[in-house]
Structure formats: structure tokens, C-alpha cells
Amino acid sequence: MITHRSRLRRLAAGAGVKAARTGLALALVAIAAAGQALAQQQQQATPIPSVGQVRVICLRVQFEPAAPPLDPSTGNPVANQLPATRFKAQHNRQYFTDVMARVRAYFLEVSQGKLDLISTIAPTVLSVTDYNKDEDYFGDNNQQAARAQELLQTAITLGEASVDYSQYDLVVVFHAGDGQESDFKAADATLILSRGVRAPMTGGGKTFAGAVLQSAGEVAPAAGEQLSIVGRTCFGIAQVLGPNGAMITGQGFSEPTSDSYVGVWDLMDRGWMLGPRLNTSGLTDWSSPAHLNPYEKARLGWLQPIQLTNNVRNAEIAQVATTGTVYRLWKEGRSGPEFFLVENRQRVGFDSYLPETGLLVWKVNEALAGQVDAQRLRLALLQADGRQDIENQTNTGDGGDCFPGQLARKGINDDSNPSTRDANGAATGVSITDVSASAQTMRASLYVVPPMILAMTPSGSFTTESVTPTFKVRFAEDIDPNTIELTLDDSVVVSQANLGSYYNAATRELTYRASQLAYGQHSLHVAVRNAAKTVMESTGSMNFRVNFRTIPAGLRMVSVPYRLAANSNTPADVFGAGNVARWVAPLGDYRYYPEHPEGGFSPGPDDPQNPTRVVGAAPAGLAYWIKLSTDAPVRVDGDQLENTEYRIPLFTGWNMVGDPFPFAVDWNGIQVEYQGVTKTMSEAVEADWLSGSLYSYTSGGYTWKTAPAGQLNPWEGYWVKAKVDCWLLVPPVPSGIATLGQRAASEAFLAEGRAALGRDGWRIRLMAQARSGAADTFNFIGAAAGARDGADRLDVEKPPVPSGGTVCLRILDGGRSLAQDLKAPDIGNGKSWEFEVNTDLKHEPITLQWPNLGELPADYRVTVEDLATGRKIYARTRGGYTYNSGEGGPRRFRLTVAKRLTAPLSVTDLTVQRTRGIPSVRFNLSREASVAVEVLNASGKRQYLVTAEHAGVAGMNVVSTGRADGLQPGLYLLQVTATAADGATVRAVRPLLVTR
């Protein structure tokens with residue numbers, strides 16, 4: 001409310017925004033002066049507890065100035081009648097009860113349950129009746145510090161009649177009217193500023209060390225809206241708790257242009273102004289204030305920072321709101337007036353409206369009395385983006401302030417921006433690195449001296465099949481080598497006593513090979529101290545697992561993702577089987593080990609003219625065929641590769657490759673290098689450097705994935721076809737794709753193939769299988785949107801197949817050997833595909849199958865012709881075709897798909913009649929066909945062949961049965977089989993009764 005008296009005061013003082021801000025600054029100076037004057041008296045009052053149960057009495061005060069007295073000499077009033085400022089109707093007792101309930105919840109949360117405010121709302125509303133003291137009087141900026149204390153003391157005194165102050169630890173006074181903190185335009189300099197006042201006040205014989213003055217309601221930003229007073233009440237109470245109260249970290253009371261130093265990240269700056277947005281004005285309602293900064297939490301006894309005296313790698317930093325976890329860091333772990341505090345802030349509880357989540361790094365300088373100015377702060381927030389937006393008044397906090405934050409800043413050190421240098425600009429050696437993504441529990445490496453363990457391989461937790469893994473650790477210069485310790489499974493295996501056997505002083509690298517570890521879980525721990533021996537750094541307990549792996553029986557493409565030890569590098573050592581084969585691309589043929597060394601695990605250059613085009617750590621990166629009669633347990637004596645990119649040479653043509661790492665790697669994440677130029681996988685395929693398909697082998701034949709799909713899995717082998725001599729650059733980055741089991745992978749492969757056909761597309765799956773179980777089942781002909789008759793990118797080439805009891809089906813097209821040939825969807829007059837089945841099995845039944853014809857349009861006719869015999873099969877009525885392999889070798893077939901131009905073949909109206917005493921069979925044919933008629937017994941076995949071949953005509957047909965000699969009286973089945981020229985075959989059956 002702005003009264004006439006208020007206006008007079010502002011005019012006299014040079015009112016307006018500038019005056020209001022000036023008055024506020026003077027008021028703050030006055031607060032500081034008053035605090036010094038009252039320091040001695042304050043010592044006599046008992047500090048308001050910041051830990052334990054605090055009993056709070058809440059008083060309500062309104063202003064009802066009495067009529068001014070009369071001047072005896074004139075008989076006129078000595079002053080004008082001042083207006084009353086009463087509580088609004090909605091500010092009843094329940095309103096304040098609800099406010100204090102949420103305030104209580106706030107302090108329980110931020111104090112980790114250490115502070116519990118038990119509030120009582122005094123039943124009587126108190127009235128200030130002095131004729132010359134109204135709301136404006138107590139809100140006068142120039143007298144604010146003193147008059148705020150005066151109003152608090154007046155309220156406490158007025159309450160003595162109804163309140164026993166001996167029962168309480170803290171007084172909160174709610175006054176009628178709005179608070180100056182919500183006067184955004186600073187238009188009314190006479191509003192009362194809500195805050196805590198640290199000064200002795202007495203009531204009923206008890207002295208309080210301070211009290212809280214809070215407006216009953218804030219300025220309404222829009223019709224029907226009301227700003228909550230919860231945030232500002234929490235702010236005021238924090239000011240008076242404990243011996244010193246929480247320090248105000250910013251002067252951002254109202255206008256956005258007011259000084260703010262740490263913004264919304266702290267209750268004591270702009271953090272009290274957080275909450276959900278109001279619909280009309282868009283302002284926040286201040287009902288969910290942010291937590292206090294960790295420095296003040298520690299001073300109030302709510303948490304104990306973990307003071308690091310040693311470097312801690314990969315430290316867990318749990319969210320502070322629920323755990324109170326805060327780390328304290330300073331040079332060499334020492335104590336002093338300067339230090340850093342690190343906390344994990346998440347949107348949880350009262351912190352739900354923070355602008356971002358992640359690690360906050362605070363800088364404390366206790367040599368400063370307070371927040372002097374933007375460059376001299378007792379408590380500063382090191383904003384990760386380095387822009388100092390808060391101090392520059394650009395904003396009050398944004399997504400770039402946290403680590404890693406919106407800019408993905410993962411660390412801070414002496415040379416970063418912001419930096420960890422001290423107040424004089426000197427390096428501290430403190431750093432934070434490897435900050436993880438924001439989460440309830442984050443990880444980061446915390447250093448109080450520069451990192452001493454610079455690199456370690458393998459790094460982090462890992463799995464290995466090697467029973468003799470090698471560990472390498474590289475150290476910084478400023479270490480004491482004699483303090484190095486390496487502990488394996490709780491046993492110190494490297495120390496000062498045997499350091500010379502493992503540590504190279506010139507390279508500062510430690511190399512240790514474990515000896516015959518058991519399968520299962522293990523742990524490794526490395527520790528070292530700095531040269532001064534004041535700080536220790538440790539890797540912590542690094543857990544790893546030695547896995548037991550089995551290669552299933554049968555024909556497999558395999559790889560070995562390790563650098564094998566020199567004395568254990570043969571297939572027999574690893575698989576217990578000595579025979580493997582490898583395709584040597586420059587030769588275009590297989591080489592078999594042990595007959596040919598280039599087929600083994602230590603091959604020479606595949607191209608002797610280019611001896612540098614080899615993998616760096618064979619057999620890693622190479623693939624092999626192996627055929628096992630039983631499941632084979634793997635035994636590895638070797639090392640996981642370094643965490644660096646691995647180069648695999650590709651030669652023009654087909655290449656067998658393997659995953660060089662013991663974890664899956666995305667196919668599309670691999671790069672390709674050709675003539676010194678590096679491209680992504682997709683770019684390399686577009687440039688025609690290689691095919692984008694990655695082929696793997698299952699028990700049913702080849703399946704494939706085309707980039708961007710697919711991944712290299714450890715211990716599996718793959719085919720890749722290169723168009724030029726180039727390199728695969730495989731990154732040591734684990735795939736984010738889960739590996740499917742073999743059956744699930746096959747089902748997913750079929751589903752993906754169907755999904756890629758388009759609306760008018762279709763596929764016929766072709767399978768060839770021998771009685772022995774050898775099979776090739778993933779071959780497809782068909783049509784698809786975007787395909788054409790001829791070579792296109794929907795066609796999939798067929799990799800080479802090894803010999804030795806195998807069956808291979810290849811689709812042939814213009815000299816190409818394909819596993820999939822898709823043509824344009826328009827069937828026209830029909831389309832044909834030739835394919836070949838090849839096997840080295842002799843005199844073995846080989847069965848062709850086409851199991852998914854139901855996916856084709858109903859009016860498509862499919863015929864399969866054996867080109868060796870000329871026999872045609874109508875595929876819709878025959879599920880397969882079997883032939884004998886003879887002496888082995890290839891056999892060709894032709895599959896034709898065409899639309900049916902005639903009616904489907906059918907046999908109807910089948911009857912048996914006697915004509916001149918001789919039985920005959922009568923039936924209708926839908927079109928011409930060759931007909932066979934036979935008599936079967938009840939179990940379906942032939943008893944009498946009437947005719948093996950009868951030229952049937954469209955329409956009615958009559959076939960004489962003869963005399964049916966030899967049939968005993970009884971019930972039989974008469975079967976008519978009709979086969980059309982296009983291979984369509986149908987049958988009709990009816991009962992036949994034979995009597996004497």
C-alpha cells in the first residue's frame with residue numbers, strides 16, 4: 001500500500017527506483033553497523049540452535065494507529081490520522097500453520113534431519129496502535145535496520161500477555177502487508193523487507209539472539225495469483241540460526257539487476273525464489289526454495305565435508321540432498337582459509353526446480369569477511385561454462401553451471417576456465433577429471449596434487465578369457481617409485497622389494513603379467529605416493545573377471561580377441577583342436593593350418609609385396625574356420641589389446657575379419673582408410689570402397705547386417721568384401737547394442753529382411769539341407785521397392801564357403817554369386833532366377849525347400865525346374881524337392897514366378913460307375929492334365945494301379961478300372977492325381993466298396 005505519507009517521504013528523499021536501491025544499500029550498511037554495536041550484547045543471548053528440536057512461536061502483527069493527540073496550545077491533532085493495515089481475510093491461523101509446516105519440511109531435508117522446527121501460531125492477532133507508527137514507518141529504507149528490530153521487539157512485547165516465551169527458542173513475526181522483496185519494480189521504498197535480524201530481543205524475561213520478520217503476503221503478480229512466503233521465511237530463519245547465522249551470498253532481493261553472486265543455487269542468494277511457475281504471470285511461486293550451499297550447511301552442523309588428503313580416482317559422489325555427501329579439496333590435502341567444496345545437486349525434494357543437475361564446485365576464501373564484490377567473494381560458484389553469468393548479472397543460473405552440464409565439461413584444473421588457482425592466481429594442483437553423466441550417484445576423479453597414475457591397461461572393470469593377463473601402469477614424474485604397490489587378490493605382488501623386476505624408471509612404466517589365474521572374480525589395486533610422500537593415489541579396488549568360454553561343436557567362423565603369448569599361440573593351445581582354415585584374400589583361396597603357416601595364428605603378410613599390410617597383434621582382428629566334433633573350452637594365454645584404435649587390412653575381394661577386442665563393437669562405428677583418406681563406414685560404402693554388408697555364419701548358413709546395423713562380437717568371425725585395398729579402423733568403444741542368442745538373432749534377421757521389402761515386396765526363402773545335417777538356409781529371391789532387375793544395393797553377395805561336408809546354395813546372376821537377389825516388383829510376364837547347390841558330400845540326399853510361399857500374392861505361380869533332369873515342380877503344392885548328390889559337385893535349378901493365366905487345377909465330381917458291367921471312374925478336370933488313378937487300402941498303401949498316365953481333358957473324363965482282379969471284398973480308397981504342364985498337382989479321393 002502506498003499512502004500519502006509514503007509519497008511525501010519519497011519526494012523528500014528523492015524517491016524513485018534509484019532512491020529505493022540506494023536506500024537498500026544504506027540499509028545493508030546499517031545492518032552491518034548495528035551488528036557490530038550489538039556484538040557484546042549478543043553474546044549474552046543463547047544462540048538459536050541449528051541442530052536439534054527448535055520451538056518456534058509465530059506472532060501476527062497488524063497496524064491500527066490510534067488517533068493523534070491534540071496539541072494543547074491549538075487544540076488541533078499533532079499529526080494526520082494514519083491508515084490501518086490489517087491482515088487480509090485469507091491470512092488466518094491455518095494459512096500460517098501450512099506455511100510453517102512446509103518450512104519445517106525444508107529444514108528437515110536440508111539438515112539431513114538434524115534440525116526440526118516445531119511451530120506454534122499464537123492465537124491472538126497483535127495490533128500496533130501508536131498514532132505515529134504505521135506500516136510505512138517500519139518500512140522506511142533509511143531507518144530500516146533499526147526499525148525492523150523495533151517492530152520485532154514491539155511484537156514480542158505485545159505478545160507477553162498471551163505467550164510464555166520461556167517455552168520457545170525462536171520468534172517469527174508475520175506482519176500485515178506486502179514485503180519489499182516482492183516489489184519487482186522497486187516502486188515503493190516504504191515496504192518492509194522480510195529477513196532475519198540478529199540482535200538481542202527480550203520477552204517475558206527471556207532474551208532471544210535474534211528473530212525473523214516476514215510479510216504475511218507478497219505482491220500479487222497477477223489477478224488470482226499469490227507468491228508463496230515459504231522461500232523468504234526459510235531465508236530469514238537461516239539468517240539467525242547458530243552462533244553466526246547463514247551468510248547472505250547475494251543481494252538479489254528483488255530486481256534482476258540487483259547483485260547476485262551464486263544465483264539460484266543457494267537459498268541465501270536467489271535460491272529462495274524457486275518453485276513451480278504461475279500460469280498467468282509466468283513467475284515462480286517461491287514455494288520450493290533451493291538448498292543452502294554446502295559451506296553454510298557445514299557451518300550449521302548439518303554435514304561434515306570429506307576432507308581429501310589423498311588423490312581419489314573414480315570417486316562416488318552421491319546426491320547431497322539425500323546423503324549430505326560433500327568433498328573438500330585443497331593443495332596437498334592441507335587445511336587453510338581457502339578450499340573447494342564439491343557436491344552433487346539433483347532435482348529432488350526442494351531442489352526440484354534447479355536449472356540443471358550435476359556437480360557444483362564451490363570456492364571458499366575465509367580470509368574475506370563476506371561477499372565484498374564480484375571479484376572478492378568469500379563463497380564463489382565456479383561455473384563450468386567459464387562465463388561467470390551470475391556475477392555479470394546475465395542470469396541467476398543456467399544449464400552451463402554444473403559439471404558436465406549442457407556443455408559437457410568433464411573437469412577443472414589450474415589451467416582451465418574456471419580454474420582451481422588460489423586467490424593470488426597461484427597453481428594449487430587441485431583438479432577434478434572424468435566427471436560422469438549427471439545421476440543420483442556420479443563419479444569423478446578428485447586430485448589434491450596432479451594425477452600420479454597417468455594411464456593403466458586394461459582400465460576400469462573388465463572381463464577377459466586370458467588366464468595370464470598383463471597389466472601396465474604409467475606414472476607421472478613427481479612420484480616416489482619406492483612407494484609403488486600392486487596388489488592382486490589381496491596379495492601384494494609388486495613392492496619396493498621386487499620393484500626392479502617390473503618397473504622401468506626411464507619410461508616410468510610398470511608391467512606385470514599375472515600367472516594362471518582361476519576362472520571367476522579377481523581384484524587389482526595400484527597405489528603410489530608423491531615425491532614428498534605427503535599424498536597417496538590409488539586406483540581403488542579394480543574388479544575384473546576371468547571368463548570361462550566354450551566354442552560350440554560344429555562348423556564355426558571364429559576369432560581370437562587377444563594378443564597371444566609366444567609360447568601359447570596355436571589353435572591347439574586355444575581350442576584343443578589343431579585344424580583351422582583362413583581365407584587369404586590376395587590368393588583368393590583358403591590356407592589350412594598346420595599344412596600352411598599362413599592359415600594359423602602367426603601368419604606372415606598375406607601380400608608379400610606389401611609386408612606392412614598386416615594386423616598389429618595377430619590373431620586379433622583375423623577370423624578362421626574351425627570344425628569341432630564336441631564343444632571346446634577356450635584357454636587363452638595372452639593379453640587384451642591396448643585401448644587404442646586397431647587397424648585391420650582389407651584386400652580387394654573377400655576378407656575374413658574378427659573383433660580385436662573382448663567386447664562388441666558397432667559395425668557403423670568403424671572407420672575406413674584408403675590412400676591416406678579416412679571416412680566413416682557409411683561414407684566409405686557410398687564411395688564404393690567396400691560393401692556395407694557384414695556376414696556371419698550360423699549352423700544354417702550366412703546371415704548379414706548392412707550398415708548402419710550390425711556389430712562385431714568377440715570370438716566370432718565375419719566376411720567383408722572390399723572394392724579396394726584399404727584398412728578397417730576399429731575403435732576400442734563397446735557397442736551399446738545387446739548381443740542376441742543365435743536363435744533370436746536368426747529370427748531378428750528374417751524379420752528385418754521382411755520389413756525392408758516395402759509395400760509391394762515379397763521374398764522366397766531357399767534352403768538346401770543334406771541328410772547329415774549340413775545346410776545352407778538363408779538365401780532369398782524376391783522383389784522389393786527400389787530394387788531393379790540386375791545389380792543393385794539390395795542384392796547381397798555370397799561369401800566363399802569352406803569344403804569338408806558342407807552344402808552351399810548360390811543364386812547366380814551375370815557372373816555374380818548371391819545370397820539374396822531382389823528384383824523390381826512388377827512381375828510382368830514372369831521372372832526367373834537360376835541357383836546352384838554345391839556339395840562335397842557323395843551319394844547324399846539333398847533336399848531343397850521354400851518354406852514361406854504363403855507370403856507371396858495368392859495369384860502368383862511358382863515353379864522350380866531341375867535343369868539336370870528337366871523335371872518341373874509346382875512349388876505351391878510341393879514343400880520341397882529331394883535329389884541324390886551322386887559324386888558331389890554343383891547342381892543347377894531355375895525358379896520362375898509368374899501370374900496365373902488359367903484357372904487353378906482341380907479334380908471334382910469323382911464317382912465310380914458301371915458301364916456294360918465294367919466299373920469306370922468319372923471326374924471333372926478344370927484344365928488339361930496328366931492323370932494317375934490308383935486304389936489304396938485304408939492306411940494309404942497302393943493296392944492296385946488303374947493307370948499311371950492318362951491324358952486328361954478339361955471337363956468330364958472317364959477311366960475304366962478293368963476288372964480289379966486280386967482285390968478282396970472290402971472298403972478301399974480310390975485316388976485320382978492330376979498334374980498339369982506347369983507342375984501344378986492336385987488329388988481327389990473317395991471310398992470304393994468291393995463286393996463278391
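Let's start with a sheet towards the later part of the chain: four strands form an open sheet in the order 58-57-60-61, and their pairing is antiparallel. Please keep in mind that this is a predicted model. The mean pLDDT of the protein chain is 88, with 91% of its residues at 70 or more. Below you will find two sheets, a helix pair and a few backbone details.

**The sheet 58-57-60-61**
- At the edges of this open four-stranded sheet stand strand 58 (942-952) and strand 61 (985-994), each of which pairs on one side only.
- From one strand to the next, the twist averages 15 degrees.
- Inside the order, strand 57 (residues 929-936) and strand 60 (residues 970-979) run antiparallel and are joined by seven bridges.
- To find your place in this pairing, look at Val-931, which has Ala-978 of strand 60 opposite.

**The sheet 8-10-11-12-13**
- A second open sheet has five strands in the order 8-10-11-12-13, and here the pairing is mixed.
- Strand 8 (306-307) and strand 13 (379-381) are the edge strands; each has a single partner strand, so one side of each has no neighbour in the sheet.
- Strand 13 runs antiparallel to strand 12 (residues 358-365), and three bridges join the two.
- Which residue of strand 13 is the bridge partner of Val-364? The partner is Leu-379.
- As general background, strands of a sheet pair through backbone hydrogen bonds, in either a parallel or an antiparallel way.

**Helix 4 against helix 7**
- Helix 4 (residues 93-110) packs with helix 7 (residues 230-240) at an angle of about 55 degrees, and their axes are 10 Å apart.
- Why is helix 4 called oblique to helix 7? The reason is that angle: about 55 degrees falls outside the ranges for roughly parallel (under 35), roughly perpendicular (65 to 115) and roughly antiparallel (over 145), so the pair counts as oblique.
- The crossing of helix 4 past helix 7 is right-handed.
- On the helix 4 side, the contact is made by Val-99, Met-100, Arg-102, Val-103, Tyr-106 and Phe-107.
- Helix 7 contributes Val-230, Thr-233, Cys-234, Ile-237 and Ala-238.
- Sorted by class, this contact has nine nonpolar residues, one polar and one charged.

**Backbone details worth a look**
- Most residues other than glycine have a negative phi, and most peptide bonds are trans.
- Glu-332, which is not a glycine, has a positive phi of about 55 degrees.
- You can find Glu-332 in the loop between strand 10 (326-329) and strand 11 (338-345).
- The peptide bond from Tyr-593 to Pro-594 is cis, with omega near 15 degrees.
- Pro-594 sits in the loop between strand 30 (589-593) and strand 31 (623-628).
- Another cis peptide bond joins Ala-707 and Pro-708, where omega is about 15 degrees.
- The loop holding Pro-708 lies between strand 40 (701-706) and strand 41 (711-712).

**Confidence**
- Against the chain's mean pLDDT of 88, residues 1-43 have a pLDDT below 50.
- Beyond near neighbours in sequence, the stretch 1-43 has 62 contacts in the model.
- Where pLDDT is low, the predicted coordinates should not be read in detail.

Key: Residues are numbered from 1 along each chain as its sequence is written. This is a predicted model: local features need pLDDT of at least 70, side-chain atom pairs count only at pLDDT 80 or more; totals for chains, interfaces and linings use all residues. Side-chain values use heavy atoms; hydrogens and water are left out. Two strands pair if DSSP finds at least two bridges between them. pLDDT is the predictor's confidence in each residue, from 0 to 100. Contact means heavy atoms within 4.5 Å. Axes are lines fitted to C-alpha atoms, for helices over the stretch in contact, and angles run from 0 to 180 degrees between N-to-C directions. A crossing is left-handed if the near helix is turned anticlockwise from the far one by less than a right angle, and right-handed if clockwise. Ala, Val, Leu, Ile, Met, Phe, Trp, Tyr, Cys and Pro count as nonpolar, Asp, Glu, Lys and Arg as charged, and the others, Gly among them, as polar.
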